[in-house]
Amino acid sequence: MGNLTETITRLRDALQHTPGEHPDYPLLLAELADYLDKRFNEERGIEDLTEIITLRHAALQLTPPGHQGRFVSLVNLLKSLHERFIISGTLADLDEIIAFRRAALECTPPTPSDRCMSLLNLADCLRERYQRLGVDAELAEAIKHALAALVLSPLEHDASCRHCVASCVELKARKWRLSASTVLASGSGAGSWGVKEMVRNIATETTKFLPLRLLNTYTGALCDRDAQISCFEDSVQYNELLSSTHGSPDYEPFIRKEVSRFFGYTTLSHRWGTGELSLRNIQGNSIYDLDGGEGYAKLQSFCALTLRRGYRWAWSDTCCIDKESSSELQEAIGSMFSWYHHSALTIVYLFDISSTRSFTNSIWFRRGWTLQELLASPRIQFYTQDWSLYMNCTSLNHKVDGAILTELEQVTQIGKLQLKSFTPGVHDARSKLQWASTRRTTRPEDIAYSLFGIFQVPLPVIYGETAQVAIGRLLAEIVLRSGDVSVLDWVGEASSFHSCFPATLGPFQVVPLTESMASYSSNLLDVNVEKVREWHRGLARLPPPRFFAGRLVLPCLVHRIISVKLLETSPTTSYHDYEVIASDLVPLKLTLASRLQEGSDTGWPYVLVRPCNPKLLHQLAHGDDLRSLLEWLGQPFNALLLKSLLHNEYKRIASYCLINARVHDLAGVVNSECQTLEVV
């Protein structure tokens, strides 16, 4: 599995640095998707499957109709979409599968067997969709394709074709029986009551996942969830649902789709300006009746644009949250990623960009909360200061426009795949912290709170705790959940929350050391095999990194410092340059704000450590063959400088340069101590 993960990482890096027009780009897409598919088959990780689908989509776009590889690209994409549909059962995936099944039918090889399977697969999908939505035309089409497949079917597919035809015909007959029984039961009122209860329950369930308040763009009024339900029950759509369905469970998917369509909403992403409207400003009023400055005009333009896009509901962080309620503010911050993710469209208003300027200069790209809004929103449109579409791009989603996507990648330093299909969580924490490291927020603590949704960590919001504490709590949670020690790799000022965390996110702008394989192969035979195995057993006993009661429990390889020599002290910065010698390491130079004890002594209170996640290291060890692990550990690494305190505790001494350490040889790796230290 270690080699597979390394291959995937290598291919991702190669893909990111290969232009889309390069002849190797389609091959890299396909190869990365194939390796991810292998890992998905072993681990069943939904993140891998999502990335596979994105890659297959991209590969298909590079094989236009008539291309000899288009059928293979379609088959590969359909396989992955079907895997996700089996897991999630979402109608959107089924709709996409049907669309691509139709496309595959057009370019299927002419052999009867291939043609039969393409027809049969499309018929099965149409039958599934009919069972969810009850659209007669789709059942009729399913029967037509199933019959055509039956005519062409070779012996090995005959049973499958007959089963498909029989299932479709039975559904058609069942529909007639249900219709007849509804007519016989009419007049009792029981069916109507059942439909009403079903519709109301589905509407109530749907609104639970909506923002707490929404602007009704038809009236300009701010509506809580009760008002949203009341608006629905007064609507034409509600009455049509009651009159067109009969309370059968078969109609439930159709009801859900229509209710979801009614409650579709847009979200506003913007840089707060002067005169923004609060909840108190518009509560009990129509936004259309109010007059004022910039904030009023912005909100009215947003609602008008939402109306033009065909949506009834709109959400803005200015007026749709009661910021005077700490519990509501906590819920809103915890739910905001989800609210943007489930919105029908996110409208980004760039007040500082004219219709002729590139949006890369906008302050929107330097604000903290807008990172979450960009990543969470599946569909997004950018508007300039006069509310015209950026670059006059009429695409319903600017994330799929090639030119805009390239600009987004350049200004955010986020890869295109992540921009189009971001998965929240604590994985790849260092990249997410790097994206946020140049951004700023008005309230200091928000620089951490704006990342809670991106990392999917349900932490409490405690305004007044200081930014250092908020960032520290976030980093501690990341270490606790993922065991990722890359967040400890930074230089600069230490946090007051914990010595192993930085005071700000700024240090994460620097990309961590990329470790290249050292050439120790010729020395492998010089290492005592039994000593290596004993050392590895000690490594295997280390617990994963975790944060508990203000202490970082850190598994690491320890190199004790035996000599400290002051080289010079800068008269301008007061930083001190030291030459340090540690056991089994090449001598190195440190730049510190703190003073160290000087001299040579094996009892110095200082150690250089290499943090490690035992789980990752175990993946490098293949049974008794420890060569890959030893070679990896023989690479240069960024060390942490720790000072021992009382009660077997340690404290990190912050450095103002990377402590790039390396062992003398592989024997130095084996001589290093495997320990778990408690760092405060």
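Start by selecting Arg200 and Glu233, whose side chains meet in a salt bridge at 2.2 Å, N to O. Here a salt bridge is a side-chain nitrogen of Lys or Arg within 4 Å of a carboxyl oxygen of Asp or Glu. This pair links distant parts of the chain: Arg200 sits in helix α9 (residues 190-207) and Glu233 in helix α10 (residues 225-233), 33 residues apart. Helices (H or I, at least four residues) and strands (E, at least two) are DSSP runs, numbered from the N terminus. Arg200 is partly exposed, with a relative accessible area of 36%, and Glu233 is partly exposed as well, at 26%. Buried means under 20% relative accessible area, exposed over 50%, and partly exposed in between, using a 1.4 Å probe and protein chains only.

A word on what you are viewing: this is a predicted model, in which local features need pLDDT of at least 70 and side-chain atom pairs count only at pLDDT 80 or more, while totals for chains, interfaces and linings use all residues. Residues are numbered from 1 along each chain as its sequence is written, and side-chain values use heavy atoms, with hydrogens and water left out.

Next, select Asp95 and Arg129, another salt bridge, with the closest N and O atoms 2.5 Å apart. Asp95 belongs to helix α5 (residues 91-106) and Arg129 to helix α6 (residues 112-133), so this pair too links distant parts of the chain, 34 residues apart. Which of the two is buried? Arg129 is, with a relative accessible area of 10%, whereas Asp95 counts as partly exposed at 29%.

For a pair within one helix, go to α12 (residues 252-262), where Glu258 and Arg261 lie 3 residues apart, about one turn of the helix. Their salt bridge has its closest N and O atoms 3.3 Å apart. Glu258 is partly exposed at 22% relative accessible area, while Arg261 is exposed at 53%. Before leaving the salt bridges, add Glu138 to your selection: bridges that share partners join Asp95, Arg129 and Glu138 into one network. The whole structure holds 26 salt bridges.

Glu138 leads to helix α7 (residues 136-152), where the buried residues include Glu138, Leu139, Glu141 and His145.

Now colour the hairpin of β9 (residues 576-582) and β10, which pair in the antiparallel sense over 5 bridges; two strands pair if DSSP finds at least two bridges between them. Asp577 stands opposite Thr591 in β10. Between the strands are 5 residues, and Asp584 takes a positive phi near 65 degrees in this hairpin. Strand β10 (residues 588-592) is mostly covered, with 4 of its 5 residues buried.

For a surface stop, select Tyr218, Tyr288 and Leu307, which make a nonpolar patch of about 290 Å². Patches are made of residues with over 30% relative accessible area and no salt bridge, with like charges joined within 9 Å and nonpolar side chains (Val, Leu, Ile, Met, Phe, Trp, Tyr) within 5 Å. Tyr288 lies in the loop between α13 (279-282) and α14 (294-308) and counts as partly exposed at 34%.

Finally, zoom out. The chain has 26 helices and 17 strands, and its C-alpha trace spans about 100 × 75 × 50 Å along its principal axes. Of its 680 residues, 48% count as buried.

Technical notes:
Accessible areas come from the Shrake-Rupley method with a 1.4 Å probe; for residues, only the protein chains shown count as cover.
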